[in-house]
Amino acid sequence: MGIYRTVSYKVEDLIIKMLSKKQDTEIIKEKVANYRTKSEEARSQKKTNKKNKAV
């Protein structure tokens, strides 16, 4: 994982903690993890599509 993505995830985590103080932390962490895995899958799908178009 790149340095930029690592830093941005940490900043996201801080913002999420500030905005969701009164909510259940486990549910919030699960939602964030699901969102990140979906975005990673979308990113990898775009990369494979670009590679296939290049060939």
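**View 1. Glu40 and Arg5 meet through their side chains in a salt bridge, 3.4 Å from N to O.** A salt bridge here is a side-chain nitrogen of Lys or Arg within 4 Å of a carboxyl oxygen of Asp or Glu. This is a predicted model, where local features need pLDDT of at least 70 and side-chain atom pairs count only at pLDDT 80 or more, while totals for chains, interfaces and linings use all residues. Residues are numbered from 1 along each chain as its sequence is written, and side-chain values use heavy atoms, with hydrogens and water left out. Glu40 sits in helix α2 (residues 25-54) and Arg5 in helix α1, so this contact ties together parts that are 35 residues apart in sequence. Helices (H or I, at least four residues) and strands (E, at least two) are DSSP runs, numbered from the N terminus. Both ends of the bridge keep some surface: Glu40 is partly exposed at 29% relative accessible area, and Arg5 is partly exposed at 25%. For these labels, buried means under 20% relative accessible area, exposed means over 50%, and partly exposed is in between (1.4 Å probe, protein chains only).

**View 2. Glu40 also has Arg43 as a salt-bridge partner, with the closest N and O atoms 2.8 Å apart.** Arg43 and Glu40 are three residues apart in helix α2, so about one helical turn separates them. Shared partners put Arg5, Glu40 and Arg43 into one salt-bridge network. Arg43 is partly exposed, with a relative accessible area of 31%. For a sense of scale, the C-alpha atoms of Arg43 and Glu12 are 18 Å apart in space, and the two residues are 31 apart in sequence.

**View 3. Arg36 and Asp13 form another salt bridge, whose closest N and O atoms are 2.8 Å apart.** Here too, distant parts of the chain get linked: Arg36 is in helix α2, Asp13 is in helix α1, and their positions lie 23 residues apart in the numbering. Is Arg36 buried or exposed? At 15% relative accessibility, Arg36 counts as buried, whereas Asp13, at 31%, counts as partly exposed. The salt-bridge count comes to four.

**View 4. Ile3, Val7, Val11, Ile15, Met18 and Leu19 make up a nonpolar surface patch.** Together they offer about 650 Å² of accessible area. Patches are built from residues with over 30% relative accessible area and no salt bridge, joining like charges within 9 Å and nonpolar side chains (Val, Leu, Ile, Met, Phe, Trp, Tyr) within 5 Å. Areas come from the Shrake-Rupley method with a 1.4 Å probe, and for residues only the protein chains shown count as cover. Zoom in on Val11, one of the patch members, and you are looking at a residue of helix α1 (residues 3-19). Val11 is partly exposed, with a relative accessible area of 43%.

**View 5. Zooming out, the chain has two helices and zero strands.** Its C-alpha trace spans about 50 × 20 × 15 Å along the principal axes. The radius of gyration is 15 Å, while a compact globule of 55 residues would come in near 10 Å; the radius is taken over C-alpha atoms, and the globule rule is 2.2 Å times the number of residues to the power 0.38. Just how much of the chain counts as buried? The figure is 9% of the 55 residues. The accessible surface comes to about 5300 Å², with 60% of that belonging to carbon and sulfur atoms.
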